[in-house]
Amino acid sequence: IQQLVPSVQFYPVNDLRYIDNSGVIPDSIVKVAAGEILDSGMGYKGLWIGNVGLFEKHALVLVTNGNASGAEVDAFATKIQDDFYAFCGVKLEREVITI
């Protein structure tokens with residue numbers, strides 16, 4: 001990821017209370033700043049498709065123009081996840097549950 005986005009910030013997982021089934025945390029596991037990858041690496045900050053976009057001040061925030069359907073928001077979020085994975089091989093997980 002650092003080769004793709006040299007400015008990306010990353011943090012040791014120990015500092016973020018990572019929990020797995022083994023209780024062992026490999027030194028190679030880190031949390032990366034996904035917003036930085038979306039912004040600096042992919043150029044997605046401020047990207048809009050139809051009625052849904054990424055906030056121009058923070059690439060991890062999905063916004064609408066007030067006319068988006070739930071399906072549009074879901075499709076946009078899925079596209080971002082798919083594009084993120086294609087870009088750097090990391091699965092971007094949603095923190096917000098949509099209904």
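**Entry 1: contacts along the chain**

I looked up how contacts in the protein chain are spread along the sequence. Among those joining residues at least 6 apart in sequence, 36% link residues at least 24 apart. I note here that the model is a predicted one.

**Entry 2: elements**

I then listed the secondary structure. The protein chain holds 2 helices and 5 strands. Read from the N terminus, their order is β-β-α-β-β-β-α.

**Entry 3: burial and surface**

I next asked what share of the protein chain is buried. Of its 99 residues, 22% count as buried. For the accessible surface of the protein chain I recorded about 6900 Å². Carbon and sulfur atoms account for 53% of that surface.

**Entry 4: salt bridges, the count**

I turned to charged side chains. Side chains of opposite charge can pair when their charged atoms come close. I therefore searched for pairs with a side-chain nitrogen of Lys or Arg within 4 Å of a carboxyl oxygen of Asp or Glu. The search gave a count of 3 salt bridges.

**Entry 5: Lys 45 and Asp 39**

I examined the pair formed by Lys 45 and Asp 39, whose closest N and O atoms are 3.1 Å apart. Is each partner buried or exposed? Lys 45 has a relative accessible area of 32% and is partly exposed. Asp 39 also counts as partly exposed, at 24% relative accessibility.

**Entry 6: Arg 94 and Asp 74**

I went on to the salt bridge between the side chains of Arg 94 and Asp 74, with an N to O distance of 2.8 Å. Which parts of the protein chain does this pair tie together? Asp 74 belongs to helix H2 (70-88), whereas Arg 94 lies in the segment after that helix, so the salt bridge ties together parts that are 20 residues apart in sequence. I checked exposure here as well. Arg 94 is partly exposed, with a relative accessible area of 32%, and Asp 74 is partly exposed at 36% relative accessibility.

**Entry 7: Lys 79 and Asp 83**

I closed with the salt bridge that Lys 79 forms with Asp 83, where the closest N and O atoms are 2.5 Å apart. How are the two residues placed in helix H2? They are 4 residues apart in helix H2, and therefore about one helical turn separates them. Lys 79 counts as partly exposed, its relative accessibility being 31%.

Technical notes:
Residues are numbered from 1 along each chain as its sequence is written. This is a predicted model: local features need pLDDT of at least 70, side-chain atom pairs count only at pLDDT 80 or more; totals for chains, interfaces and linings use all residues. Side-chain values use heavy atoms; hydrogens and water are left out. Buried means under 20% relative accessible area, exposed over 50%, partly exposed in between (1.4 Å probe, protein chains only). Contact means heavy atoms within 4.5 Å. Accessible areas come from the Shrake-Rupley method with a 1.4 Å probe; for residues, only the protein chains shown count as cover.
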